[in-house]
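User: Please take a close look at one part of this model, the helix packing, and set it in the context of the whole chain.

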Amino acid sequence: NLVSPSDTRTQIYDALPRHAFRHPSRVIISRYVSREIRRPFLLIVGLFCVVFTSFSTAVVLNDVAAGLIPLETMVKLILIKLLIALEILLPVSLYFAVSVGLGRMHSDSEITAISACGVGEMRLVGIVLKVSLVIALVVATISLFARPWAYHQRYLLLAQVAAEFEIADLEAQQFFFDPDSGYAILADTVDHATQSAGDVIVQVGKEDATRLIVAKRLIQPPRSAVSPLAFVLEDGVVYHLDRTGSRDLIGRFKRLRLVLRDQEPDSVALKSKNQGTMSLSQSSSPKDVAEFQWRLSTPAATVLLALLAVPLSRVKPRQGRFARVLATVLAYAVFYNLLAFSKNLVQEGLVGPVPGLWWPLALLAALLSMLLFGPWRKGRI
């Protein structure tokens, strides 16, 4: 008996298992969804980097114009700050990219179409999970290794700028602030020829007290390359403000030598932000615990935020891809503020290592579970 080609194809199709046809289509759909997330992610992270760099440049540009910071140092500081900021910019960019990408697919009824092909929302969650794990790995590398190195380089640059400070760099009625040493200088008049200033206010901050000095005249004596930064103040008053109690002191002087830095620029004291992750893990200091848990929380937050964007991106067909943008922004703002608030609580010793910084992540995971597996989700593909 003769068998037609169509009958032969029908027999072959019936003999093959169903997954032989579904698997290629699912691979294509997975690649398509990943591409729809990757494109806005690259655009958003690039935009955020440009905005952050422009803002950082505007902040430091005044010091460059005043001659307080060299242009080369400014460029290095901005690049270092951008590297540190990537641990925040990458998660938030992925979060909005998933929301925008899947929101467009919902709006154009593409989610409905791929659901008819057997690709439900849990499959979309799996695709987003794979993408977020790659980004989380990059964020973990930045937080655990690049972050302490970047802060150490930043402290070194600021220490070098402070060590090279001269009265000639000070402008009248303009603040000079050194965040590394914690001192600030404000002078009413500045005489660059004599390396002196008149009617000055010097603030020196410490962990337990703040020292405020008001003097008629400030002189910077000549010093060598290895001598500490020091000033001589004449005819003034010292206010010693105790932060831990009520032991405030007031003293008057005719001549006072104030040493602001007694260390080399190449040696920077260890702080929580520039310590290695292994060192922080063995410390019981509240500041070290807060910094250590922060570094661990960023990759976890990257994954949870990306997954949260999947249910938040649900919109009705032809409703518009940005219909849920307000809820998306509010959700991220609340979570980030809770995470920053919990870090401050641990840093001040008001909350211990447990719950530490983990309770905002636990709340986010609980919210994600409710949106994905809540009772109102039953019956949805």
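Analyst: What follows starts with the whole chain, turns to the helices, and ends with two single residues.

This is a predicted model, where local features need pLDDT of at least 70, side-chain atom pairs count only at pLDDT 80 or more, and totals for chains, interfaces and linings use all residues. Residues are numbered from 1 along each chain as its sequence is written, and side-chain values use heavy atoms, with hydrogens and water left out.

The protein chain holds 9 helices and 6 strands. Helices (H or I, at least four residues) and strands (E, at least two) are DSSP runs, numbered from the N terminus. Of the 381 residues in the protein chain, 42% are buried. Buried means under 20% relative accessible area, exposed over 50%, and partly exposed in between (1.4 Å probe, protein chains only). Contact means heavy atoms within 4.5 Å. Among contacts between residues at least 6 apart in sequence, 62% join residues at least 24 apart.

Now α7. This helix spans residues 286-312. Of its 27 residues, 22 are buried, so α7 is largely enclosed by the rest of the structure. It bends by about 30° at Ser297, and Pro299 follows within four residues. The bend at a residue is the angle between axes fitted to the seven residues ending there and the seven starting there.

The partner is α9, residues 358-373. The two helices pack at an angle of about 20°, with their axes 10 Å apart. That makes α7 roughly parallel to α9. The crossing is left-handed. Gln293, Ser297, Ala301 and Leu308 are among the contact residues of α7, and Trp358, Leu361, Leu364 and Leu368 are among those of α9. By class, the contact residues are 17 nonpolar, 2 polar and no charged.

Some conventions apply here. Axes are lines fitted to C-alpha atoms, for helices over the stretch in contact, and angles run from 0 to 180 degrees between N-to-C directions. Under 35 degrees counts as roughly parallel, over 145 as roughly antiparallel, 65 to 115 as roughly perpendicular, and the rest as oblique. A crossing is left-handed if the near helix is turned anticlockwise from the far one by less than a right angle, and right-handed if clockwise. Ala, Val, Leu, Ile, Met, Phe, Trp, Tyr, Cys and Pro count as nonpolar, Asp, Glu, Lys and Arg as charged, and the others, Gly among them, as polar.

α9 also meets α8, residues 325-347. Their axes come within 8 Å and cross at roughly 155°. α8 is therefore roughly antiparallel to α9. Phe335, Leu338, Leu339, Phe341 and Ser342 of α8 meet Trp359, Pro360, Leu361 and Leu364 of α9. This contact has 8 nonpolar, 1 polar and no charged residues.

Next, α3, residues 71-107. It bends by about 45° at Ala85. Of its 37 residues, 28 are buried, so α3 is largely enclosed by the rest of the structure. Just after α3, Ser109 takes a positive phi of about 65°.

Two residues complete the view. Ser132 lies in α5, residues 121-163, and is buried at 0% relative accessible area. Beyond its neighbours within four places in sequence, Ser132 contacts Leu94, Thr302, Val303 and Ala306. Pro91 is 41 residues from Ser132 in sequence, and 8.5 Å away, C-alpha to C-alpha.

Ile250 sits in strand β6, residues 249-261. Its relative accessibility is 64%, so Ile250 counts as exposed. Not counting residues up to four places away in sequence, Ile250 touches Val237, Val238 and Tyr239.
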